Amino acid sequence: MGEKRQLRLGAITMGAGGPGQPHLWLDEDIPVDASVSVNWYVEQARQAEEAKFDLIFLVDGLFITADSAPHYLNRLEPLTLLSALAVSTSHLGLVATVTTSYNDPFNTARRLASLELISGGRSGWNVVTTGDAGAAGNFSRDEHYDYDTRYARGLEFVQVAQGLWDSYEQDAFPRDRATRTFLDPARQHALNHKGEHFQVAGPLNVSRSPQGQPVIFQAGDSEQGRDLGATIGEAIFTNASSIEAGQAFYNDIKTRAAKKGRDPRHIVVMPGTSVFVGDTDDQAREIEHETHTRDRDFDRSLAGLGRPFGWHDFRQYDLDAPFPQQALDHAERGFRTNAEKIAGKAKEKGWTLRQTVEFISSPRPTPFAGSPETVANRLQEWFEGRALDGFNYPIGHPDQWRRFREEVVPILQERGIVRTEYEASTLRGNLGLPVPENRYTKAREEESSALGS
């Protein structure tokens with residue numbers, strides 16, 4: 001990894017509109033069924049690949065209410081969809097969220113390994129432990145896992161999946177008709193894992209892919225989340241409101257990884273936030289203001305406030321009374337870190353519930369708004385200032401998406417910051433990440449070397 005750093009680019013798809021975009025679907029340039037239209041996704045993926053993006057990312061969740069964002073109400077299952085995108089693209093990375101709380105390692109490893117072979121080694125797994133407490137009711141559980149259990153289970157889950165992906169060594173299938181040898185049994189390995197949360201025998205029934213294993217992404221911001229990311233993450237999805245916040249997160253993750261004996265260069269930090277491109281800086285800010293004004297909806301924001309608090313219903317309280325701090329009691333099985341930030345801010349400021357909702361839903365100017373050159377300059381500043389290794393662009397209005405691809409990206413390409421051609425056919429190759437060694441191949445080679453010496 002001695003080559004010059006390159007800014008990695010991801011595209012996040014939110015179809016008819018994700019959180020904070022309740023009215024995006026009203027835009028006549030967006031199909032009302034975008035979130036369930038495979039043709040729409042194929043179009044976005046091909047546009048991202050034409051602009052030499054590293055990956056397209058599909059978020060996911062397992063619980064909704066009538067107040068959920070339009071995209072969340074009706075969207076395609078990510079790995080099924082990515083299989084379609086795999087045969088519609090040739091270089092673009094294909095990344096999806098899969099929770100460790102409501103899946104099993106064997107099935108998840110098999111589905112991702114299948115996507116690996118279908119795509120030629122371009123898959124990525126965004127590992128989440130699910131902060132949405134409502135999901136428990138969809139999976140025969142009376143309550144969601146507590147915070148510590150979710151993260152302990154998540155770590156073991158990933159380790160089991162990685163063990164299963166080593167079931168076959170690279171040369172396990174000679175497929176030699178002359179000798180009637182399809183499999184070399186010495187190159188097939190059962191896992192026989194028995195842990196705190198899982199017991200998995202193996203081996204997996206899918207062979208090793210061109211990139212060895214799917215790339216592991218992670219997005220937690222709590223202490224446990226950051227520690228999990230530093231332990232198993234090869235790319236980190238995050239948010240950053242300023243270059244200083246980005247640098248602080250970047251340094252923290254890389255330092256944690258180094259302390260765990262990992263090479264910090266093998267972790268790609270990719271924050272994502274809104275981008276607005278105009279002919280001038282002022283016009284871009286006008287577009288930003290119009291977008292935020294369109295999407296403000298107090299009642300929806302009040303209902304959505306319950307999500308990080310384990311779907312606690314805030315509509316039962318007096319809007320003009322102090323923020324109900326007792327709601328934190330429900331956050332242990334929700335998005336606890338976010339809930340604590342909200343409640344802490346409300347307590348510090350002495351806010352009412354109404355003021356808290358207004359603060360949370362009020363628009364915050366993005367660092368990335370301006371003319372194409374201004375946006376490119378800002379991305380370059382963050383990149384060279386080690387606030388990020390890559391950037392996730394959230395696809396919203398089609399014209400804004402076009403302007404970013406056709407006006408901002410070429411400036412970064414001219415400056416040598418973004419590629420003009422793909423370096424590899426795998427996601428690892430394009431992200432500059434090493435191919436993990438198969439543990440059994442490595443052990444045999446080490447044993448052979450020791451005997452030889």
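**Figure 1. Thr 97 sits in strand S3, which covers residues 93-99.** All the close-ups here come from a predicted model, so please read them as a prediction. Is Thr 97 buried or exposed? Thr 97 has a relative accessible area of 7%, and because buried means under 20%, Thr 97 counts as buried. Leaving aside neighbours within four places in sequence, the residues in contact with Thr 97 are Phe 57, Leu 58, Val 59, Asp 60, Pro 78, Asn 126 and Val 128. One of these partners, Asp 60, appears together with Thr 97 in a UniProt record: the unreviewed entry places the feature "binding site" at Asp 60, Thr 97, Tyr 151 and Ser 222.

**Figure 2. Tyr 151 belongs to helix H5, residues 147-165.** Tyr 151 is another position that the unreviewed UniProt entry lists under "binding site". Its relative accessibility is 12%, so Tyr 151 counts as buried. Which residues does Tyr 151 touch, not counting those up to four places away in sequence? They are Thr 129, Gln 218, Gly 220, Ser 222, Gln 224, Gly 225 and Leu 228. Look for Ser 222 in that list, as the next view turns to it.

**Figure 3. Ser 222 lies in the loop between strand S7 (215-218) and helix H6 (223-232).** Ser 222 is also listed under "binding site" in the unreviewed UniProt entry. With a relative accessible area of 4%, Ser 222 is buried. The side chain of Ser 222 reaches the backbone nitrogen of Gly 225 at 2.9 Å. Not counting residues up to four places away in sequence, Ser 222 touches Tyr 147, Tyr 151 and Thr 337.

**Figure 4. Domain 1 and domain 2 meet at an interface that buries about 1,500 Å² between them.** The domain assignment gives domain 1 as 8-281 + 366-440 and domain 2 as 297-361. The contact takes 22 residues from domain 1 and 14 residues from domain 2. Of the buried area, 46% is on carbon and sulfur atoms. The C-alpha centres of the two domains lie 29 Å apart. How many salt bridges does the rule find across the interface of domain 1 and domain 2? There are three, and six residue pairs are in polar contact between the domains. Helix H5 supplies three residues to the side of domain 1 that touches domain 2, the largest share of that side.

**Figure 5. Asp 132 and Arg 307 form a salt bridge.** The closest N and O atoms of Asp 132 and Arg 307 are 3.0 Å apart. Here is the general idea: side chains of opposite charge can pair when their charged atoms come close. Another pair to find is Asp 67 with Arg 315, whose closest N and O atoms are 3.2 Å apart. This pair links distant parts of the chain, 248 residues apart: Asp 67 is in the loop between strand S2 (55-58) and helix H2 (70-73), and Arg 315 is in the loop between H9 and helix H10 (336-349). Asp 67 is partly exposed, with a relative accessible area of 28%, and Arg 315 is partly exposed at 49%.

**Figure 6. Leu 302 is found in helix H9, residues 298-304.** Is Leu 302 buried or exposed? Leu 302 is buried, with a relative accessible area of 8%. Leaving aside neighbours within four places in sequence, Leu 302 is in contact with Phe 314, Arg 315, Leu 319, Leu 353 and Val 357. You have already met Arg 315, the salt-bridge partner of Asp 67.

**Figure 7. Arg 256 and Asp 252 meet in a salt bridge within helix H7, residues 243-259.** The N to O distance is 2.9 Å. Arg 256 and Asp 252 are four residues apart, about one turn of the helix. Arg 256 is buried, with a relative accessible area of 14%.

**Figure 8. Arg 354 pairs with Asp 320 in a salt bridge, with the closest N and O atoms 2.8 Å apart.** Arg 354 lies in helix H11 (residues 353-361) and Asp 320 in the loop between H9 and H10, so the pair ties together parts that are 34 residues apart in sequence. Arg 354 is partly exposed at 29% relative accessibility, and Asp 320 is partly exposed at 48%. A search of the whole structure finds 31 salt bridges.

Definitions and conventions. Residues are numbered from 1 along each chain as its sequence is written. This is a predicted model: local features need pLDDT of at least 70, side-chain atom pairs count only at pLDDT 80 or more; totals for chains, interfaces and linings use all residues. Side-chain values use heavy atoms; hydrogens and water are left out. UniProt positions are given in the numbering used here, feature names are shortened, and annotations may be inferred rather than shown by experiment. Helices (H or I, at least four residues) and strands (E, at least two) are DSSP runs, numbered from the N terminus. Buried means under 20% relative accessible area, exposed over 50%, partly exposed in between (1.4 Å probe, protein chains only). Contact means heavy atoms within 4.5 Å. Domain bounds come from an automatic or database domain assignment. Buried area is the accessible area (1.4 Å probe) that two parts lose on being put together, summed over both. A salt bridge is a side-chain nitrogen of Lys or Arg within 4 Å of a carboxyl oxygen of Asp or Glu. A polar contact is a pair of N or O atoms within 3.5 Å; within protein, one must be able to donate a hydrogen and the other to accept it, and residues adjacent in sequence count only if both atoms are side-chain atoms.
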